[in-house]
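Biologist: I have a model open on my screen and I'd like to learn how to read it. Could you walk me through a few features?

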Amino acid sequence: MGLAGLVNPYTITALDGVAYGLLLFTIAAGLTLIVGVAGVLSMAHGTLYLAGAYLAWYLADGGWAGLALALAGAVVVGAFGGAGLAAAVRPLTDRPLDQVLATLGVAYIAADQFSTVFGAEPRSVDPPRALAGSVSLGDYQYPVYRLGFIAVGVLLVVGLFWFVERSRVGAVVRAVVADPGMAAASGLRTGLVRTGVLVGGGVLAVTAGVLGAPVIGPSPGVDTTILVYSLIVCVVGGLGSIRGALLAALGVGQILTLGVALVPGAAAFLLAAAMLAALTIRQRTALPGRPA
Amino acid sequence: MTGALLRLVTVSRSYGARRAVNEVSVELPPGARHAIIGPNGAGKSTLLHLVAGTLRPTSGRIHYAGHDISGWPAHRRARAGIARTWQHPALARPLTAVQNVLLAVPGQRLAALRPQRRAVTAAHAALAQVGLAKLAERPAGQLAYGDQRRLEIAVALAAAPRLLLLDEPSAGLAAEEITRLTELIRALPDDMTVLLVDHNLDFVAAVATTVTVLHHGQHIATGTPAEIRDHPDVRRVYLGTDALTSPAPNSPATPAAVAGTPVLRVRTLSAGYTGAPVLTDITLDVRAGRVAAVVGRNGAGKTTLINTIAGLHPAGPGTDILLHGQPLTGCDTRRRARAGLGMVPQGRRLFAGLTVDEHLTLPRPHPTRSRSVDARQVLDLFPVLAERRQHRPHQLSGGEQQMLALARALLAAPDVLLLDEPAEGLAPAVVGQLAAIITGLAAEGTAILLAEQNLALACQVAHDIAVLDRARIVRHVATADIREYPTDLHDLLTVPTTAPTPS
Amino acid sequence: MTTILTPNPDAGIAQTPVRRCGFGPAWLLPTAGVGVLVAAVTLPWLINAYLISLATTALVMAVLAMSAQLLAGLPGLAPLGQAAYLVVGAYTAASVATLTGLGPVQLLAAAAAGAVAAAVTGVLAVRARGTTFLMVTFGLGELVHAAANQWAPGGSEGIHTPPVVALPGLPAMVRPGWVYLYVLACTLLIGAAVAVVVRTRFAWLLRGIAAHEPRVQAAGQHTGRLLLAAYTIAGGIAGAAGALAIADTRYVSPADAAMGVSALALAAALIGSGSMAGACAGAVLLVAARDWVGGLLGGHGPTLLGLAFLLLAYLPRHRLAGLTTRFPRRRR
């Protein structure tokens, strides 16, 4: 038995789920911090992923150079996109509904431009040739690129956790989540932190788009799909919590792959049940009308 | 025992490790007029929430009219005849006064297109009872603050409750409005039981027949207002006399040389909440190397004053705040901190989830500032923190939390330190340590503004004392004078023996 | 201070001052209403078939906007998933259409199905408040979208339905003008029903929840149940809109549950700022911007809709206090 016994269709699907979950985490980690720190529900977050995926498709040349160029481009596009969103929602502070409308408007305009420029049909993105093949795991063939993606995803998770939980900048971010007023009274630049989180979240989302393009390729509507799954991750994981986002993303990844394989068509119900459970538990533990 | 309408049996409520209410037992016979008083953080509001059902007790039982209601949700308790008001008016602002009252009149059908005649009559009766009959058609948002507070009570009365809970009914009201409120509560039907929480002790003495004093969630005493007034434990709770047993204070005049021009000047400061003035015409100076204390009862506006100076609360028009002669009024909180204002807020406001070490890496003195402090120096000052560097705030004791809040403020090398009730919830020995640290900081040249209810601590460390009462500073005194004539200040700070002092 | 009863306790209670227009003489509003009604009824004789079908779409969206307004305008909870119940209603109407072509029967069945779907999913939605409510309803809408792709008859291709019969004995409606008049009549009926609902004590309690939810609890009401009831009614209205959509296009597909439809309904409700008539006007405006102006410019409907959302976000608008108090400032 041993290792070979572990390899069956379900573990292969579960591995897909891990890749999917890590992809969702990369996107949703940015979003959960944007909602938790900046208080902005960015409906344009899926658009940033789509921008990254189109970037990867446009620059893909089958070699490492294209990927490297696309990653460099992702940093630029993500930074500008995040800064642009920060500037767009700045006049709308304390008006969450208007922030939703404004970012939704941006998402619509961007989606229309994408389909004008890149066409309405789905595009498939090939990974670099060096990663194009597949390896055999027991009796099964598994794409090398996905294994590589899982490795990069794990690195991203470790890096993000180190950044948020160990570095001084991460401590500043968590201080602003905990008590914005007191953070300002301690001399911290809360406004800069908010913009920085939007920029950082933007870079993460576009990078996820570049890396995830061979898995979830660019096509119209992908922005909404990505947005809804990352919002579900945020709701299940709790706003502003990076640990919660990781657990929720891995869970949603499994539901969308293993869950679909085991019980076809039940993914929607499982996701709704997960949200219901998370909200109910949090409602029980929250303290309504907690006196100061 | 059986006659009681409301009976709390060893009720406790914890937030994490902190026990906001600790095994409190209270019994109210039908028709009682009962008040709960106590310093900040005593657990008064939590107790009211527990009775109203917005919070559930961690342990203990609540019996009401023969039922155990500990597990009942808020709406079920309301249907059983428990009505309540809120500390800050929370009315449906676009709806008229009478519509607000109608929402609370029981026994109406949900599908009804027009309110029943009986309900309308009841609503107008409730409005007339609080003297708002003429303003019935005015949208609630357009009413004056005092009228909104009375509308709150009308909404509660409209439900014809057996038990009426009033949360800080006198907060933010002017003297004549409090008089009217007193008359209103005295005129309530005899069979209606009233449980109220308030800071204004004159008002409590005027309306309540029995009073319970809480301190740190624990029951201190219950009795008539007169008994409470003379109760030695109560006087100690309010004045913190126990802290006076700590070593005699340093001579207040030691560093006379440093006490030069004022570092922080506050001129004609005013502030308020949702239309209610909390502070008017506050003027005070804080000098380098000296400790200025602002003392006053709970609810006098001390915390609002500190927050307004720090920029956490908006200042009213005409306010001038000068630091080193530079106006701060237009600056945001961060710029004020960078300019040299350090703050230790009430309740400490530590960052949940950050370790002690992380707290100490956050503030950095601005490079343009001449003074600088590093974490090592601060940790020398607070040896307890050095042993707890990887702990998070909820793992620290109250004293350690206070030290951490102080250390966080000191790391920015402030010229002016704002301290808001630093002794709150601390054991006497820790208060003594704290006093020594504050005196030491002043001796090094920091200007300190201390907002304090604990008169003993204030007398121990402060050079000048300003007394805050009913939104104004009623007198400035040197500490030495207080030591000679303590009684007049005690009257201002504890249960009064006379009518309210004219301000 | 004795208890004095005012001589006429009924005075002033009858009016609902929340949505009173503060401008113009008293006759202006009824006159304008009659004018709009006359224009709406005579419309099929004035414009071409393409514009008539656009007007029908606008009416369907107006019904959906009323459904969104019932949640956004009264208890101040902004929904971003109302299209889900529209699609549930539309598929129900499509299955009923295989049995009978009678429009009113389809309408009732669709409304019932929308209400049931909303009652089931509402258990989840009403646990959330503020921004989380928006996120959860958005997630629910997209999940229904995904489930429709998987489970609904016709799959992602959608299904076609036969033309609708307005009343027994009448021929099936094929010409756009007749369909328009049928949808207009149904919209007016639904509008009248909604107008009754927003004047009940139930609606006043919902407004109270927007202002301060614990206060309504302290008045002895279970706010969760009130909100669930409101969510169910809104789902029923959205389901009815689905039946009207079938009558209009004779086609339904999972794409009708897309976020765009829900977002349009919410934006229309926000334009209406608490008023049902305003929400309908907002829906007409947004459909005109997306389809009519978009058609004139040769596509780019989404861009125009996006621009409309941006305009709506940045223009200063009068809003009911309820909408803003539902989203409190960041906790300190």
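**Reading the model together**

Modeller: Sure, let's begin with a hairpin: in chain A, strand 1 (residues 134-137) and strand 2 (residues 140-143) run antiparallel and are joined by four bridges. Keep in mind that this is a predicted model.

Biologist: Which residue is the bridge partner of Val135(A) in strand 2 of chain A?

Modeller: That's Tyr142(A). Now look at the turn: two residues lie between the strands of this hairpin, and Gly138(A) has a positive phi near 65° there.

Biologist: Okay, on to chain B. What is the strand order in the open sheet of six strands?

Modeller: A general idea before the case: side chains in a regular strand alternate between the two faces of the sheet. Here, the order in chain B is 6-7-8-3-9-10, and the pairing is mixed. At the edges sit strand 6 (82-84) and strand 10 (218-223) of chain B, each pairing on one side only. From one strand to the next, the twist averages 20°.

Biologist: In which sense do strand 3 and strand 9 of chain B pair?

Modeller: Parallel: strand 3 (residues 33-37) and strand 9 (residues 210-215) of chain B pair that way over four bridges. To find one of the pairs, pick Ala35(B), whose bridge partner in strand 9 of chain B is Val211(B).

Biologist: Now the contact between chains C and A. How many residues does it take from each?

Modeller: People often give the size of an interface as the accessible area lost when the parts come together. Here we can go by residues: 37 from chain C and 37 from chain A. On the chain C side, helix 5 (130-151), helix 10 (259-272) and helix 12 (301-314) of chain C each give two or more residues. Helix 5 of chain C has the largest share, with 14 residues.

Biologist: And what classes of residue are on the side of chain C that touches chain A?

Modeller: That side has 25 nonpolar, seven polar and five charged residues.

Biologist: Which elements of chain C have the lowest and the highest mean pLDDT?

Modeller: Helix 13 (residues 321-325) of chain C is lowest at 37, and helix 9 (residues 223-249) of chain C is highest at 94. For chain C as a whole the mean is 83, with 87% of its residues reaching 70 or more. In residues 1-23 of chain C the pLDDT is below 50, and that stretch has 32 contacts in the model beyond near neighbours in sequence. Residues 318-332 of chain C are also below 50.

Biologist: What ipTM and pTM does the predictor give the complex?

Modeller: An ipTM of 0.84 and a pTM of 0.83.

Definitions and conventions: Residues numbered from 1 in each chain as written. Chains lettered and ligands numbered in written order. Predicted model: local features only at pLDDT ≥ 70, side-chain atom pairs only at ≥ 80, totals over all residues. Pairing = 2+ DSSP bridges. Axes fitted to C-alpha atoms, helices over the stretch in contact; angles between N-to-C directions. Contact = placed C-beta atoms within 7 Å. Nonpolar A, V, L, I, M, F, W, Y, C, P; charged D, E, K, R; others polar. pLDDT = per-residue confidence, 0-100.
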